[in-house]
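Trainee: I would like to go through the labels on this model and test each one. Can we take them in turn?

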Amino acid sequence: MRVLLIGANGYLGRFVADRLLADPAVQLTALGRGDDADVRFDLATGSPGALTRFLDAVHPGVVVNCAGTTRGGARELTRHNTVAVATVCEALRRSGCGARLVQIGCGSEYGPSQPGSSTAEDAVPRPGGPYGVSKLAATELVLGSGLDAVVLRVFSPVGPGTPAGSPLGRLAEAMRRAMQSGDAELKLGGLGAQRDFVDVRDVARAVHAASLSAAQGVINIGSGRAVRLRDAAGILARVAGYGGALNELDGPPHPHAPHAASHPAPTLRATIGHPRQDSDHHPGTAPVAFPYPDGCGSWQQADVRTARDRLGWRPRINLEESLADIWMEAACRI
């Protein structure tokens, strides 16, 4: 099976590439903006015609699109997450290769949901920010393209390679600095949100399964279980061996270790959500966290039955293992 992977150097794309390369039946070609791609092509600025000519030359059976961005203003998000997908869809329509398209969507397309609920694929999407809007627009383009296509709505990916600027990446970095400085207390903000975390390696398995399947439409990829950020922080402290107290800026203090309060030391403050700028709070006060930066409010949990039924996929890697891998990478910076 010849597979064209777009965005192979991204956070998810690297693991998808590894998973596909491990399949001896797959012949992989990577297309992207970087010098290490097999073929250099920028979806946000390249023409559908140029991509069509490449598709006709390579003739892939499957195109996997992991490209996109989570950062930037509305214009940049639209260019990289929506216009780029329009280019892929138009090129595939024009091409004679007849390739199947596996598009990586995200849970942010759904927006806020009712606490305690599980979001299924038939939920009406109401994204709460420009990132979710740009990804939802891409999904609608794929679904309306008439192509043999499936969109995997990935909820909150975690594990090795987690970006340092992500909430869990910031949490690990704050804990690393606390341990390096010998701080016996770590004050954290933005821990109230509950999210459905799924390991990037499990996401890669889902992409592989979707490439081989005939499933179409939207399929959720998550763990099926929401976890509060403060609980994730406790797990990370345990795997890191941090014996200090974890105190919340936006909630009641609860020490991670009973003896921590008896060892006073300078405290380290960290914001897990979007931090406010210095002008937003008075000097000497702890930073205040914006909500979890995906526009999904306080709760998100995936209904993953469709992935089980149509892809034969279930998550295998638990959150503790994912967080241990995040910590190993953070610890290497000590």
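Trainee: What makes Arg308 and Asp309 a salt bridge?

Mentor: This is a predicted model, and the distance comes from its atoms. The closest N and O atoms of Arg308 and Asp309 are 3.0 Å apart. The cut-off is 4 Å between a side-chain nitrogen of Lys or Arg and a carboxyl oxygen of Asp or Glu. So the pair counts as a salt bridge.

Trainee: Why is Asp309 called exposed?

Mentor: Its relative accessible area is 56%. Exposed means over 50%. So Asp309 is exposed. Arg308 has 34%. That lies between 20% and 50%, so Arg308 is partly exposed.

Trainee: How many salt bridges does the structure hold?

Mentor: It holds 14. One of them joins Glu248 and Arg230, with the closest N and O atoms 2.5 Å apart.

Trainee: How do you know that this pair links distant parts of the chain?

Mentor: Look at where the partners sit. Glu248 is in strand β12, Arg230 is in helix α7 (residues 229–240), and they are 18 residues apart.

Trainee: Is Glu248 buried or exposed?

Mentor: Buried. Its relative accessibility is 8%. The label needs a value under 20%, so Glu248 meets it. Arg230 has 23%, so that partner counts as partly exposed.

Trainee: What ties helix α9 to helix α7?

Mentor: A salt bridge between the side chains of Glu320 and Arg238, at 3.2 Å from N to O. Glu320 lies in α9 (residues 319–331) and Arg238 in α7, so the pair ties together parts 82 residues apart in sequence. Glu320 has a relative accessibility of 37% and counts as partly exposed. Arg238, with 47%, counts as partly exposed.

Trainee: Which residues do salt bridges that share partners join into one network?

Mentor: Glu90, Arg93 and Arg94.

Trainee: Now the backbone. What makes the phi of His59 worth flagging?

Mentor: The sign. Phi is near 55 degrees, a positive value in a residue other than glycine. His59 comes just after α2, in the loop between α2 (48–58) and β4 (62–65). Its relative accessibility is 44%. That is neither under 20% nor over 50%, so His59 counts as partly exposed.

Trainee: Which residues of α2 are buried?

Mentor: Gly49, Leu51, Thr52, Phe54, Leu55 and Val58. Their cover includes β1 (2–6), β2 (27–32), β3 (39–40), β4 and α3 (74–94). α2 lies across β1, β2, β3 and β4, running at about 165 degrees to β2.

Trainee: Which strands form the open sheet, and in what order?

Mentor: There are seven, in the order β3-β2-β1-β4-β5-β6-β10, with parallel pairing.

Trainee: Why are β3 and β10 at the edges?

Mentor: Each has a single partner strand, so one side of each is left without a neighbour in the sheet.

Trainee: How do you know that β1 and β2 pair?

Mentor: Count the bridges. Two strands pair with at least two bridges. Five join β1 to β2, so they pair, and they run parallel. In β2, Gln27 is the bridge partner of Arg2.

Trainee: How many bridges link β8 and β12?

Mentor: Four, in the parallel sense, between β8 and β12 (residues 245–248). Lys187 stands opposite Asn247 in β12. What makes β8 (residues 185–189) mostly covered is that four of its five residues are buried.

Trainee: Which residues have the most contacts inside the largest nonpolar core?

Mentor: Val64, Leu152, Ile221 and Leu311, in a core of 34 residues. Helix α6 (residues 200–212) gives the most to this core, with seven residues. Outside its neighbours within four places in sequence, Ile221 has contacts that include Leu152, Val203, Ala206, Leu311 and Trp313.

Trainee: What does the second core include?

Mentor: This separate core has 29 residues, among them Ile6, Leu51, Leu55 and Val63. In soluble globular proteins, nonpolar side chains tend to be buried together.

How values were computed
Residues numbered from 1 in each chain as written. Predicted model: local features only at pLDDT ≥ 70, side-chain atom pairs only at ≥ 80, totals over all residues. Heavy atoms only, no water. Buried < 20%, exposed > 50% of the residue type's maximum accessible area, 1.4 Å probe, protein only. Helix = DSSP H or I, 4+ residues; strand = E, 2+ residues; numbered from the N terminus. Core = buried A, V, L, I, M, F, W, Y, C linked by side-chain atoms within 4.5 Å. Contact = heavy atoms within 4.5 Å. Axes fitted to C-alpha atoms, helices over the stretch in contact; angles between N-to-C directions.
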